[in-house]
Amino acid sequence: MTFLVADVGGTNTRLALADDQGLMSESIGHFVNADHRSFSEVVEAFLTGQKHGTISACCVAMAGPVTAGQARLTNLDWHISLAELRRITDTKNAILMNDLTALGYSLPQLNSSGLMQISHPQTDVYRNGQSLIVGIGTGFNVCPVKVEQGRGPSCLAAELGHAGLPLSLIALLEERFPGKARSFRTVED
């Protein structure tokens with residue numbers, strides 16, 4: 001089985017193929033969004049350059065709101081529909097979700113090398129299976145995650161768009177990365 005996975009950000013799109021063994025690292029493709037008219041054009045360019053069989057399933061995580069099988073980037077006029085995704089990949093097994101929601105679902109699978117905790121409870125008494133995924137890229141977004149014992153994660157879809165960082169988070173980041181936190185800029189800047 002061959003899977004197509006994609007991360008569609010506000011500035012760049014990354015695509016790769018995967019199989020039952022995991023990601024095929026040699027297939028990873030990187031595209032600058034401004035160089036393409038649509039996401040469909042990017043997928044077609046990527047697949048043309050790959051040696052692959054039939055795409056069995058596809059998962060696209062994108063930086064923007066996803067509602068009822070429709071998505072759009074918040075800072076680029078790209079609209080993606082589940083129907084279009086199924087057509088260009090020639091598979092009925094496709095999913096379209098917000099990028100931070102996708103990260104939320106992956107949280108229980110990550111080991112410590114894939115995580116950086118910038119704030120935590122003072123004692124284990126307060127641990128309750130809750131996490132907050134924060135994405136700071138072209139835009140700024142969050143995904144609240146709750147993992148309950150014996151169950152998969154529950155991830156809330158949220159889209160903050162191009163909000164600025166809260167002062168309390170800037171202070172934490174400044175402490176950890178002196179001189180770096182205040183350099184974050186939004187599209188509105």
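1. Disulfides. In this predicted model, a search of the whole structure turns up zero disulfides. Two cysteines show how this works out in detail: Cys-143 takes part in no disulfide, and the nearest cysteine sulfur to its own, that of Cys-155, lies 4.7 Å away. Since a disulfide requires the two sulfur atoms to be within 2.5 Å, a separation of 4.7 Å does not qualify.

2. Surroundings of the two cysteines. Are Cys-143 and Cys-155 buried or exposed? Cys-143 counts as buried because its relative accessibility is 0%, and Cys-155, which has a relative accessible area of 12%, is buried as well. The cut-off behind both statements is a relative accessible area under 20%.

3. The two faces of strand S1. In a regular strand the side chains alternate between the two faces of the sheet. Strand S1, which spans residues 2–8, has a covered face made up of Thr-2, Leu-4, Ala-6 and Val-8, while Phe-3, Val-5 and Asp-7 belong to its uncovered face.

4. The neighbours of S1. Which strand runs parallel to S1? That strand is S5, residues 55–62, and seven bridges join it to S1; within this pairing, Val-5 has Cys-59 of S5 as its bridge partner. Strand S2, covering residues 12–19, pairs with S1 in the antiparallel sense over six bridges, and here the bridge partner of Val-8 is Thr-13.

5. The connection between S1 and S2. These two antiparallel strands are joined by a hairpin, and the link passes through three residues.

How values were computed
Residues numbered from 1 in each chain as written. Predicted model: local features only at pLDDT ≥ 70, side-chain atom pairs only at ≥ 80, totals over all residues. Heavy atoms only, no water. Buried < 20%, exposed > 50% of the residue type's maximum accessible area, 1.4 Å probe, protein only. Helix = DSSP H or I, 4+ residues; strand = E, 2+ residues; numbered from the N terminus. Pairing = 2+ DSSP bridges.
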